[in-house]
Amino acid sequence: MLVDMHLHEKTFSPDAFQELKQMVEVAKARGLDAICITDHDSMGLKNFAEQYSRETGYPIFVGVEFFSLQGDITAFGIDSIPSERIDAQSFIDYVLQCGGVCFSCHPFRNNNRGLEENLKSVKGLTGIEVLNGSTLYDANKKAFEYCSELQLMPIGASDAHDLDQLGKYATWFPNMVYTLDDFVKEIKKGISKPAILGDNGYNVVDSI
Ligand SMILES: [Zn+2]
C-alpha cells in the first residue's frame, strides 16, 4: 500500500489550496492507495473525511500536524488535540496513551518548525519523515541519517498544500488497509519504506 502521509486540505488548513474530493481523484491517478489529512493543529475534517472515505471506498486517514513547542509532529490514532501548544515529549506521551503513533515531520526543514536535535532526546516517536516534499535535499538526507541512527521507521510524504505537489513522496506498507484503526496497527508493525513518484509510478528507496 502506498500512502501520502502528510497532506493539507483547505477547509482547516488556511494555507492550503486543495479540496478533499479533488485530492482523492489526483491521488488515485498518481497511484496512491490511500491519503492522510494532517491539517495544522486541527482535526476538523475528521468526520467529513471519514464519511467520504466510507462512501467512496477510498482510504482517507485523518491525523494532525501538531506544532509542539519544539517543532511539528504528525500523529495518527487520536480523536482530539491539546488546546494549546505543549512540549514535544508531552504531546508524544499523550498520543501514545491514546494508542496512537507519532512522526517527526521535516525535522531539518529550514522553517524552524522541525524537531532538529530534539530528535535525539524525545522518547516514543514511531518514525521520521525522511522525505518531505517541501524540504530541500540536504535536509531530507540528514533526516534519513538520523532515522537510521535512531532505528525509527522512515516515511515519505508530500506535505502538499496544492494538487501539483500531492503524492510527490509517499510511504510503502506491506498490507492494504482501509480504516484508521487498521492503519495504526499496520504502522505499529514497524515495516515501512519511503517512496518517490517517478515517470512510471513509485520507486521505493532505502536512501537518497
Ligand atoms: Zn505540513
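Start by selecting strand S6, residues 101–104. Both of its faces are covered: Val101 and Phe103 are buried on one side, and Cys102 and Ser104 are buried on the other. Keep in mind as you go that this is a predicted model.

**Stop 1: the whole chain**

Zoom out for a moment. You should be able to find 5 helices and 11 strands in the chain. Along the principal axes, the C-alpha atoms fill a box of roughly 40 × 40 × 30 Å. The radius of gyration is 15 Å, which agrees with the value near 17 Å for a compact globule of 208 residues. If you colour by burial, 47% of the 208 residues count as buried. Among contacts with a separation of 6 or more, 63% are between residues 24 or more positions apart.

**Stop 2: the sheet around S6**

Now show the strands S4, S5, S6, S7 and S8. They form an open sheet in just that order, with mixed pairing. Its edges are S4 (64–68) and S8 (153–157), each of which pairs on one side only. Look along the sheet and you will see a twist that averages 35 degrees from one strand to the next.

Which way does S6 run relative to S5 and S7? With S5 (residues 71–76), the pairing is antiparallel over 4 bridges. With S7 (residues 127–132), S6 runs parallel, joined by 2 bridges. To see the register, select these pairs:

- Thr74 and Phe103, bridge partners between S5 and S6.
- Ala75, which stands opposite Cys102 in S6.
- Ser104 and its bridge partner in S7, Ile128.

**Stop 3: S5 and its hairpin**

Move one strand over to S5. How many of the 6 residues of S5 are buried? The count is 6 of the 6, so S5 is largely enclosed by the rest of the structure. On its other side, S5 is joined to S4 by 5 bridges, and the two run antiparallel. S4 and S5 form a hairpin with 2 residues between them. Pick Phe67 and you will find its bridge partner, Asp72, in S5.

**Stop 4: helices against the strands**

Select helix H3, residues 88–97. H3 packs on the sheet and touches S4, S5 and S6, and its direction makes about 0 degrees with that of S5.

Next, select helix H5, residues 180–188. Its buried residues are Leu180, Phe183, Val184 and Ile187. Look down the axis: these residues cover an arc of only 100 degrees, which puts them on the same side of H5. An α-helix has 3.6 residues a turn, so residues three or four places apart point the same way. Among the elements covering the buried residues of H5 are strand S3 (60–62), S5 and S6. After H5, click on Gly190, whose phi is positive, near 85 degrees.

**Stop 5: H1 and its two sides**

Go to helix H1, residues 20–30. Met23, Val24 and Ala27 are buried here. They too cover an arc of only 100 degrees around the axis, which puts them on the same side of H1. On the other side of H1, Lys21 and Ala29 are exposed. Add strand S1 (2–4), strand S2 (34–37) and helix H2 (46–56) to the view, and you have elements that the buried residues of H1 pack against. H1 is followed by Gly31, with a positive phi near 100 degrees.

**Stop 6: the core**

Which members of the largest nonpolar core touch the most other members? Select Val3, Ile35, Ile73 and Ala75 out of its 57 residues. In soluble globular proteins, nonpolar side chains tend to be buried together. Centre on Ile35: leaving aside neighbours within four places in sequence, it is in contact with Val3, Asp4, Leu7, Met23, Val24, Ala27 and Ile60. Three of these names, Met23, Val24 and Ala27, are the buried residues you saw in H1.

**Last stop: Glu116**

Finish in the loop between S6 and S7, where you will find Glu116. Is Glu116 buried or partly exposed? With 17 C-beta neighbours inside 10 Å, Glu116 counts as partly exposed. Beyond its neighbours within four places in sequence, Glu116 is in contact with Gly71, Pro107 and Phe108. To return to S6, draw a distance from Glu116 to Ser104: their C-alpha atoms are 9.1 Å apart, and the two residues are 12 residues apart along the chain.

Terms used
Residues are numbered from 1 along each chain as its sequence is written. This is a predicted model: local features need pLDDT of at least 70, side-chain atom pairs count only at pLDDT 80 or more; totals for chains, interfaces and linings use all residues. Two strands pair if DSSP finds at least two bridges between them. Axes are lines fitted to C-alpha atoms, for helices over the stretch in contact, and angles run from 0 to 180 degrees between N-to-C directions. Two residues are in contact if their C-beta atoms, placed from the backbone, lie within 7 Å. The radius of gyration is taken over C-alpha atoms; the globule rule is 2.2 Å times the number of residues to the power 0.38. A residue is buried if 20 or more other C-beta atoms lie within 10 Å of its own, exposed if 12 or fewer, and partly exposed in between; C-beta atoms are placed from the backbone. The arc is that of the directions from the helix axis to the C-beta atoms. A nonpolar core is a set of buried Ala, Val, Leu, Ile, Met, Phe, Trp, Tyr and Cys residues joined through C-beta atoms within 7 Å.
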